[in-house]
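Let's practise reading a protein structure together. Have the sequence and the 3D view ready, and try each exercise before you look at its solution.

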Amino acid sequence: MPFTRPATGLAFCLFYLSSYFTNKYVLSVLKFTYPTLFQGWQTLVGGILLHVSWKIGWVEISSSSRSEVLSWLPASALFVGIIYSGSRALSRLPIPIFLTLHNAADVIFYGVEVSVQKEQNSSLKLCRVLILLVAAGGLLFNDPQFDIDGYFWALIHLLCVGAYKVFYKLWKPNSLSISEQQYINYAFRYIIF
């Protein structure tokens, strides 16, 4: 089937955007003032779905060693920072502005890649990062509904997302799969809150 791959990508994009529109609606239009409770509900649903998927055999989650779980905890703390600051920023900023700032986290990742790891990057990647940087910086001057508190939380969110990506790139997992990492993130979120 030639359309299987594009259909999967399109479905992912639709679910991704619909989750942001749903979050924005709940946080802004319904004026839900307890973002921690809302995030708890979202991570509970995600954790339950991941657990059920594990039990019926769709994903594999094995019992990992304590040292591997403990080595992943800094990323779990960043995950909590991502969802909390993202919720606060999304409640105050329009979705296109929030997503532009969210995507600007690649600038942090690129900076670490170039400076710390001394990796050679293509000029196309540099151009992409510069466009992201200009777009994010231009928002400050062209946002008619400028909200300093929203931009503050978006900056915290951007830093957490960038640090999470850097940690993931630098951390060499021995046996933790992506599903296991997410499972630990959900569990850590409940321990913290």
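Two exercises on this predicted model follow, one about a pair of helices and one about pockets.

**Exercise 1.** Work out how helix α5 and helix α7 are placed relative to each other, and which residues meet.

*Solution.*
- Step 1: Find α5 at residues 105-115 and α7 at residues 148-170. Their axes lie 8 Å apart, at an angle of about 40°.
- Step 2: Classify the angle. Angles under 35 degrees count as roughly parallel, and 65 to 115 as roughly perpendicular; α5 and α7 are therefore oblique to each other.
- Step 3: Add the handedness: the crossing of α5 and α7 is right-handed.
- Step 4: Look for contacts. On the α5 side they include Ile-108, Phe-109 and Val-112, and on the α7 side they include Leu-158, Val-161 and Lys-165.
- Step 5: Sort the contact residues by class: eight are nonpolar, one is polar and four are charged.

**Exercise 2.** Describe the volume and lining of the largest pocket, then do likewise for the second largest pocket.

*Solution.*
- Step 1: The largest pocket has a volume of about 1500 Å³, and the second largest has about 240 Å³.
- Step 2: Around the largest pocket there are 37 lining residues, with Tyr-16, Ser-19, Tyr-20, Phe-79 and Ile-83 nearest its centre. Helix α2 gives the most to this lining, namely ten residues.
- Step 3: The classes in that lining are 20 nonpolar, 15 polar and two charged residues.
- Step 4: Turn to the second largest pocket, whose lining residues include Ile-108, Leu-133 and Leu-158. Here α5, α6 and α7 each give two or more residues.
- Step 5: The lining of the second largest pocket has eleven nonpolar residues, one polar residue and no charged ones.

Conventions:
Residues numbered from 1 in each chain as written. Predicted model: local features only at pLDDT ≥ 70, side-chain atom pairs only at ≥ 80, totals over all residues. Heavy atoms only, no water. Axes fitted to C-alpha atoms, helices over the stretch in contact; angles between N-to-C directions. Helix = DSSP H or I, 4+ residues; strand = E, 2+ residues; numbered from the N terminus. Parallel < 35°, antiparallel > 145°, perpendicular 65-115°, else oblique. Left-handed = near helix turned anticlockwise from the far one by under 90°. Contact = heavy atoms within 4.5 Å. Nonpolar A, V, L, I, M, F, W, Y, C, P; charged D, E, K, R; others polar. 1 Å grid on protein atoms, 1.4 Å probe; cavity = no way out; pocket = protein on both sides within 12 Å on 5 of 7 lines; lining within 4 Å. Points joined across faces, edges and corners; volume = space filled by probe spheres on them.
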